[in-house]
Amino acid sequence: MIKAVRGTRDLLPPETGVWNFVEATVREVFRAYNFHEIRTPIFESTELFARGVGEETDIVSKEMYTWEDRGRAESDKGQSLTLRPENTAGVVRAYVEHKLGDRGLQKLYYIGPQFRRERPQKGRYRQFYQIGAEVIGPTAAGSESPARDAEVLTMLADLLDRLGVREWRLELNSVGCKDCRPRFNEALRRALTEPDENGVTLASQMCGDCQRRAVTNPLRVLDCKVPEDQPMIATLPRLSDYLDDGCRTHFAGVTAVLDALGIAYTRNERLVRGLDYYTRTAFEFTHGALGAQNAILGGGRYDGLSEAIGGPPAPGIGFAIGEDRLVMTLAESAAAAGYAAVAPVAYVAPLGAGMNAPAAKLVRELRAAGLVVDLGDETFKIKKSFEGAERVSAKYIVICGEREFAADAFNVKELATGEQVTVPRTELAGKLRR
Ligand code: HAM
């Protein structure tokens with residue numbers, strides 16, 4: 001037996017109906033905010049993620065599906081390619097490649113699979129789906145304004161509301177910019193690696209990951225979840241004490257809009273995110289029902305990303321929702337269940353040899369009239385046809401044998417009540433619709 005690869009899974013009906021409900025709602029809400037869809041390739045050159053997401057991140061250093069291409073053409077040979085672990089770098093590459101900045105501020109969204117070789121567990125897969133959006137453009141188009149950050153956060157609050165997701169929490173932070181963050185990083189590094197009077201460093205008493213990060217990427221120490229490390233992390237310098245005036249004012253601009261709109265948030269000074277491109281605003285929405293992997297979405301500002309991959313200055317902000325996790329929170333949603341459970345109104349049962357062809361013609365007419373109709377087979381005995389109708393939860397069964405086609409009138413039976421009427425072909429669609 002060949003099974004789906006570890007960390008991947010099949011999405012089956014009726015659950016796929018919930019996914020469709022989510023995606024249809026997303027398209028509607030994002031449209032109201034004037035976002036347009038972009039679709040970028042599933043694989044890109046490895047260098048894009050190394051330069052965009054950052055060599056030191058877990059994603060790039062440990063989790064990417066990377067291979068060397070072996071094309072026939074000289075130009076293909078030996079090129080290192082990677083399945084996209086996230087979509088922001090691809091969107092910004094497309095922005096640069098197609099000079100989208102010439103068209104002003106871009107508000108783009110995407111829905112699609114991403115790939116990370118993480119340890120699979122509830123809510124964490126190796127192929128997972130993201131619904132993301134990015135606002136990016138030249139500074140003159142207002143891309144740097146805190147109004148953009150607030151608009152993106154408002155859109156998320158509206159989307160979750162429309163989907164019926166209630167128990168979310170918005171955690172918000174500013175991670176500073178290329179001017180002030182290095183100063184904070186340096187202060188962190190010193191606090192972690194300078195020996196105390198007994199010659200012992202803080203980092204040496206922490207977990208292996210923190211010991212490594214203290215040197216390579218001290219900011220990420222703040223993200224550590226190991227309980228024993230928490231008291232030591234609490235003694236580290238605070239990011240908010242190092243933000244420069246520009247970053248402070250920007251953050252205040254974001255929260256002023258959220259406050260005015262009544263969108264609740266918590267400032268979490270330790271929220272630093274796992275990708276290197278972030279500047280200023282960083283955020284996550286968490287959900288109580290999700291367990292350990294409780295981040296339903298994450299995002300933030302990335303004012304230097306375009307330049308990091310060789311493009312023009314183009315400040316941006318965006319987010320990605322983990323669609324797998326979002327769907328998990330909708331398990332109880334009546335709206336989603338209703339969308340998923342569209343049963344056929346009728347099951348057409350051809351009765352007797354030679355009836356498949358005229359029955360096919362009849363169901364085609366009914367479907368063209370906008371009805372959801374399913375179809376049995378001329379070899380089925382009447383009992384089997386009824387079972388077929390019940391299995392698909394049809395409301396009516398329409399029995400059609402030689403006699404019915406000759407009279408052009410059909411026997412329509414409502415399965416729940418057993419009520420039965422004969423309906424002429426011309427009135428059939430109308431009767432079923434009622
Ligand atoms: P991220 O925090 O790496 O950000 O991922 C965003 C969300 O994707 C997470 O909050 C989570 O819900 C979901 N996710 C991530 N990894 C997995 C996994 N292995 N299995 C299931 N779900 C997962 C980004 O990807 C950024 N590109 C977001 C962004 C867009 N920032 C600015 N623009």
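Visitor: Hi! In β9, what is the bridge partner of Trp168?
Guide: Hello! The partner of Trp168 is His287 in β9. Just keep in mind that this is a predicted model.

Visitor: Okay! And in which sense do β7 and β9 pair?
Guide: They run antiparallel, and seven bridges join β7 to strand β9, which covers residues 279-287.

Visitor: What about β7 and β8, how many bridges there?
Guide: Two bridges, and this pairing is parallel. Strand β8 spans residues 266-267. Within it, Arg267 stands opposite Leu172.

Visitor: Why is β7 largely enclosed by the rest of the structure?
Guide: Five of its seven residues, in the stretch 168-174, are buried, so the rest of the structure largely encloses β7.

Visitor: Switching topic: how many cavities of 30 Å³ or more does the structure hold?
Guide: Three of them. The largest cavity has a volume of about 40 Å³.

Visitor: Which residues line that largest cavity?
Guide: Thr8, Arg9, Leu11, Gln127, Tyr129 and Asp324 do. Sorted by class, the lining has two nonpolar, two polar and two charged residues.

Visitor: Cool. Now cysteines: how many disulfides are there?
Guide: The count is zero. Cys207, for instance, is in no disulfide, and its nearest cysteine sulfur belongs to Cys210, 3.6 Å away.

Visitor: Why is there no bond from the sulfur of Cys210 to the one in Cys207?
Guide: Because the two sulfurs are 3.6 Å apart, which is too far for a bond. The cut-off for a disulfide is within 2.5 Å.

Visitor: And is Cys210 buried or exposed?
Guide: Buried, because its relative accessibility is 0%. Cys207 counts as buried too, at 18%, since the cut-off is under 20%.

Conventions: Residues are numbered from 1 along each chain as its sequence is written. This is a predicted model: local features need pLDDT of at least 70, side-chain atom pairs count only at pLDDT 80 or more; totals for chains, interfaces and linings use all residues. Side-chain values use heavy atoms; hydrogens and water are left out. Buried means under 20% relative accessible area, exposed over 50%, partly exposed in between (1.4 Å probe, protein chains only). Helices (H or I, at least four residues) and strands (E, at least two) are DSSP runs, numbered from the N terminus. Two strands pair if DSSP finds at least two bridges between them. On a 1 Å grid over the protein atoms alone, a cavity is a set of points where a 1.4 Å probe fits but cannot get out, and a pocket is an open set with protein on both sides within 12 Å along at least five of seven lines; lining residues have an atom within 4 Å of a point. Grid points are joined across faces, edges and corners, and a volume is the space filled by probe spheres set on the points. Ala, Val, Leu, Ile, Met, Phe, Trp, Tyr, Cys and Pro count as nonpolar, Asp, Glu, Lys and Arg as charged, and the others, Gly among them, as polar.
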